[in-house]
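Biologist: I should be grateful for a close look at one part of this model, the packing around its main nonpolar core. Please set that part in the context of the whole chain.

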Amino acid sequence: MVDFENGQVIATAIDKGKTHDFKLLKRSRLPLVSSQLCLADRGYQGFAKRHAGACTPTQKPRNQPLAEDEKQHNRALERLRVRVEHVIRRFKIFRIFSGRYRNRRRRFGLRLNLIAGLPNYELANASCFMQEVY
């Protein structure tokens with residue numbers, strides 16, 4: 001989960017083997033406030049039934065084109081979700097998701113949270129990092 005305002009990682013969830021993100025979300029039982037807006041991608045199609053504030057893209061019906069207002073809704077959602085995708089990109093820089101994890105499985109969650117803390121720390125101290133660059 002990512003905070004939309006500042007792009008910080010709020011929560012991470014892991015499971016053994018290949019598990020879909022939506023299944024992890026259901027198992028984690030994170031307390032979601034009904035007034036909270038949750039932007040999700042197409043993998044979370046049933047999320048709107050569980051959470052009133054869920055916003056997922058509209059799927060195209062089989063053998064029919066998508067209506068123009070639904071296309072505009074999907075584009076607007078993509079423009080908002082791009083911030084979340086940038087946070088995911090920051091995770092992938094550390095290559096913990098890109099290949100097979102060959103270390104101790106018990107420590108995977110700890111390492112994932114440490115890696116999540118690095119971009120969070122960078123965002124919190126962005127002014128310090130910018131001064132060093134210039």
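Modeller: What follows begins with the chain as a whole, turns to the core, and then moves outward to the parts around it.

The model is a predicted one. Its chain contains five helices and two strands, and the order of these elements from the N terminus is α-β-α-β-α-α-α. The C-alpha trace spans about 50 × 40 × 30 Å along its principal axes. Of the 134 residues in the chain, 23% are buried. The chain exposes about 10600 Å², of which carbon and sulfur atoms supply 51%. Among contacts with a separation of 6 or more, 35% join residues that are 24 or more positions apart.

The part you ask about is the largest nonpolar core, which consists of eight residues: Val-9, Val-87, Phe-91, Ile-96, Phe-108, Leu-112, Ile-115 and Ala-116. Two elements, α3 and α4 (108–124), each give two or more residues to this core. The greatest contribution comes from α4, with four residues. Ile-115 illustrates the packing: leaving out residues up to four places away in sequence, Ile-115 touches Phe-91, Phe-94 and Ile-96. Of these partners, Phe-91 and Ile-96 are themselves listed in the core.

The segment before α1 also reaches this region, and Gly-7 lies in that segment. Gly-7 counts as buried because its relative accessibility is 12%, below the 20% limit for that class. Apart from neighbours within four places in sequence, the contacts of Gly-7 are Val-2, Val-87, Arg-90 and Leu-123. One of these, Val-87, is a member of the core just described. Gly-7 and Pro-119 are 112 residues apart along the chain, yet their C-alpha atoms are separated by 9.1 Å.

Ile-10 lies in the segment before α1 as well, but it is exposed, with a relative accessible area of 56%. Together with Met-1 and Leu-30, Ile-10 forms a nonpolar patch on the surface, and the three residues share about 260 Å² of accessible area.

Helix α3, one of the contributors to the core, also carries a charged pair. The structure holds one salt bridge, and it joins Arg-81 to Glu-85, with the closest N and O atoms 2.4 Å apart. Side chains of opposite charge can pair when their charged atoms come close. Arg-81 and Glu-85 are four residues apart in α3 (residues 68–92), so about one helical turn separates them. An α-helix has 3.6 residues a turn, so residues three or four places apart point the same way. The two partners differ in burial: Arg-81 is buried, at a relative accessible area of 10%, whereas Glu-85 is partly exposed, at 37%.

A further core lies apart from the one you asked about, and the loop leading to α3 is a suitable way to approach it. Thr-56 is found in this loop, between β2 (54–55) and α3, and it is buried, with a relative accessible area of 13%. Not counting residues up to four places away in sequence, Thr-56 touches Ala-40, Asp-41, Tyr-44, Gln-45, His-73 and Leu-77. In the same loop between β2 and α3 is Asn-63. Asn-63 is not a glycine, but its phi is positive, at about 60°. With 74% relative accessibility, Asn-63 counts as exposed.

To return briefly to the cores, α3 and α4 each give two or more residues to the largest one. There is also a second, separate core of seven residues, which includes Cys-38, Ala-40, Tyr-44 and Phe-47. Ala-40 and Tyr-44 are also among the residues that Thr-56 touches.

Helix α1 completes the description. Phe-22, Leu-24 and Leu-25 are buried in this helix. Viewed down the axis of α1, its buried residues fall within an arc of 160°, so they line one face of the helix. Their cover includes α2 (47–50). Directly after α1 comes Arg-29, which has a positive phi near 55°.

How values were computed: Residues numbered from 1 in each chain as written. Predicted model: local features only at pLDDT ≥ 70, side-chain atom pairs only at ≥ 80, totals over all residues. Heavy atoms only, no water. Patch = residues over 30% accessible without salt bridge, like charges linked within 9 Å, V, L, I, M, F, W, Y side chains within 5 Å. Areas by Shrake-Rupley, 256 points an atom, 1.4 Å probe, with all protein chains shown as cover. Salt bridge = Lys/Arg side-chain N within 4 Å of Asp/Glu carboxyl O. Buried < 20%, exposed > 50% of the residue type's maximum accessible area, 1.4 Å probe, protein only. Contact = heavy atoms within 4.5 Å. Core = buried A, V, L, I, M, F, W, Y, C linked by side-chain atoms within 4.5 Å. Arc of directions from axis to C-beta.
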